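I opened my notebook to keep a short record of what I looked up in this structure. Here are the entries, in the order I made them.

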Amino acid sequence: MLASSSDISRLLDRVAGGDRQAFADLYEATAPKLYGIILRILRRRDETDEVVQDVYVKIWQRAGDFDPARASPITWMATIARNRALDEVRRARVATVSDDIALERAADPARSALGDLEAGEDRRRLEICLDALEGERGSLVRLAYLDGLSRQDLADRFGQPVGTIKTWLHRSLKQLRDCLTA
Amino acid sequence: MREREDIELTAAEYVLGTLTREERVAVEARRTREPALDAAIAVWERHLSPMLDDVAPVAPPPDLFPAIEAAIAGPAREGGGQDGARVGTRDGTVTDLARMRRRLGRWRAAAVGAAAIAACLAGVLVVREVILPPSRTFVAVFHDGDTQPRFLLSVDLESRELTIRPVTAEPVADKTYQLWIVGEGISPIPRSLGLLEDVSGTTRKRLDQVDPALLRNATFGISLEPPGGSPTGQPTGPALHGTLIPAED
């Protein structure tokens, strides 16, 4: 099992050179996390399989673009995964939020060793800043980011017009930024 | 100041994921030529990514990795687009389709699917921004998720003439293709630019009333509609989208 972010950076470096064994190791170390991220947004295994496949093909092709000065390797990979999942969910569906995605799920105790790589100061700080948002707006932000809910989905869930949701989002994001950079 | 705030919010909402598909496409095109926006996106990625710790890992099915290995096998490492995806123009308005088709042939041969095509296009965007002089001719490539490009659109900003050429698009029985535009300062919702009556040939349109600067940043859509066009005034059928990238002079 991989232990650190720098291990993954090194693997990415080798993948950039076309090292298939490194790619297999990278997959083993990171796929459950990326699969989890994508499944949470798409909520369908068949679609998730396809998107995860695309994401790893992209990682294989673009490993050389990874810039450690810009993001941690996991953030870089997770960003590719989220973007691809969001493209998929925005393309194919019209607001299919069902009640089974509970707000409570936002606090999921299960963490991977990999997840913990990112833990620490940044995470505590973000938690504090999210919790400092008024009312349910911390949930609003989490549902958008983690579950991929659109403005319309959020409007339905919170029983508010889309315009209100947009205002809430903008205010919340500004407050978050101020809190995080304070 | 106002502009900085706009960039900041656009980046934040892009990373949060609450933009619509059209808005996302527009941001992805903009970030390749707006370093401030690109940098703001990177900052927000760092801000929000610690939330991902809350996502429980899920074991992928065991047959997934073999499928991925098969997808990357062969001569398909073609992420960079360095060898010149010259989606170019020769005489300023006519897009060089022969080159595009050759490239399509290579994409097919590579057979790595949509991800590779997307990566190639992304490569084109980046490479062009760096090495090419400013151009008044721009092209947009329309491709449908997991398939090859369907249409090419080129725009001459000076004359505001659009030229739409089919690449792999075929006529569909009892349907017609309709062209749309959406963009800041033009229209917040898709506005019809008319029908593409003859899919076997070139269609030209003129946009006299649109500011070239706005046109440059517009998103174009082509949707499949009933004969005579969308009955609602908005796209009703499956749609493809494209944003403009500079073409070769």
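**Entry 1: a pair within chain B**

Before I looked for pairs, I noted the rule: a salt bridge is a side-chain nitrogen of Lys or Arg within 4 Å of a carboxyl oxygen of Asp or Glu. I also noted that this is a predicted model. With that rule, I found B:E161 in a salt bridge with B:R206, where the closest N and O atoms are 3.7 Å apart. I then checked where the two partners sit: B:E161 is in strand β3 of chain B and B:R206 in strand β6 of chain B, 45 residues apart, and the pair links distant parts of the chain. Are these two buried or exposed? B:E161 is buried because its relative accessible area is 18%, under the 20% cut-off. B:R206 comes out as partly exposed, with a relative accessible area of 49%.

**Entry 2: the strands around that pair**

I followed β3(B) and β6(B) further and found 4 bridges joining them, with the strands running antiparallel. One pairing I wrote down is B:L162, whose bridge partner in β6(B) is B:K205. B:K205 belongs to the covered face of β6(B), together with B:T203. The uncovered face of β6(B) holds B:R204 and B:R206.

Next I looked up the sheet itself. Chain B has an open sheet of 5 strands in the order β6-β3-β2-β1-β9, with antiparallel pairing. Its edge strands are β6 (203-206) and β9, each pairing on one side only.

**Entry 3: the other edge**

At the β9(B) edge I counted what the program gives: strand β1 (residues 137-143) of chain B is joined to β9(B) by 2 bridges, and the two run antiparallel. Which residue stands opposite B:P246? I found B:F138 there. B:P246 itself is in strand β9 (residues 245-246). I call B:P246 buried because its relative accessible area is 10%. I also looked at B:V155, which is 91 residues from B:P246 along the chain, yet their C-alpha atoms are separated by 9.5 Å.

For chain B as a whole, I noted 7 helices and 9 strands. Of its 249 residues, 55% count as buried. Among its contacts between residues at least 6 apart in sequence, 62% join residues at least 24 apart.

**Entry 4: two positive phi angles**

I looked for positive phi values outside glycine and kept two. A:R43 has a phi of about 60° and lies in the loop between α2 (20-42) and α3 (45-62) of chain A. A:R43 is partly exposed, with a relative accessible area of 27%. B:D174 has a phi near 60° and is in the loop between β3 (161-166) and β4 (176-183) of chain B. I list B:D174 as exposed because its relative accessibility is 65%, over the 50% cut-off.

While I was in that part of chain A, I also noted a salt bridge between the side chains of A:R44 and A:E47, at 3.6 Å from N to O. A:R44 is partly exposed at 41%, while A:E47 counts as buried at 15%.

**Entry 5: where the two chains meet**

How many residues of each chain are in contact? I have 66 from chain A and 56 from chain B. The two chains bury about 5,700 Å² between them, 60% of it on carbon and sulfur atoms. A:Q61, A:R70 and A:Y145 supply 13% of the area that chain A buries against chain B, more than any other three residues.

Across this interface I found 9 salt bridges and 20 residue pairs in polar contact. On the chain A side, α2(A) gives the most, with 12 residues. That side divides into 32 nonpolar, 11 polar and 23 charged residues.

I looked at two of the salt bridges by name. A:R70 pairs with B:D38, the closest N and O atoms being 2.9 Å apart. A:D87 pairs with B:R24 at 3.2 Å. A:D87 lies in helix α4 (residues 73-92) of chain A and B:R24 in helix α2 (residues 21-31) of chain B, so this pair joins two chains. A:D87 is partly exposed at 26%, whereas B:R24 is buried at 1%.

**Entry 6: the whole structure**

Last, I searched over all chains and found 28 salt bridges.

Key: Residues are numbered from 1 along each chain as its sequence is written. Chains are lettered from A and ligands numbered from 1 in the order in which they are written. This is a predicted model: local features need pLDDT of at least 70, side-chain atom pairs count only at pLDDT 80 or more; totals for chains, interfaces and linings use all residues. Side-chain values use heavy atoms; hydrogens and water are left out. Buried means under 20% relative accessible area, exposed over 50%, partly exposed in between (1.4 Å probe, protein chains only). Two strands pair if DSSP finds at least two bridges between them. Contact means heavy atoms within 4.5 Å. Buried area is the accessible area (1.4 Å probe) that two parts lose on being put together, summed over both. A polar contact is a pair of N or O atoms within 3.5 Å; within protein, one must be able to donate a hydrogen and the other to accept it, and residues adjacent in sequence count only if both atoms are side-chain atoms. Ala, Val, Leu, Ile, Met, Phe, Trp, Tyr, Cys and Pro count as nonpolar, Asp, Glu, Lys and Arg as charged, and the others, Gly among them, as polar.
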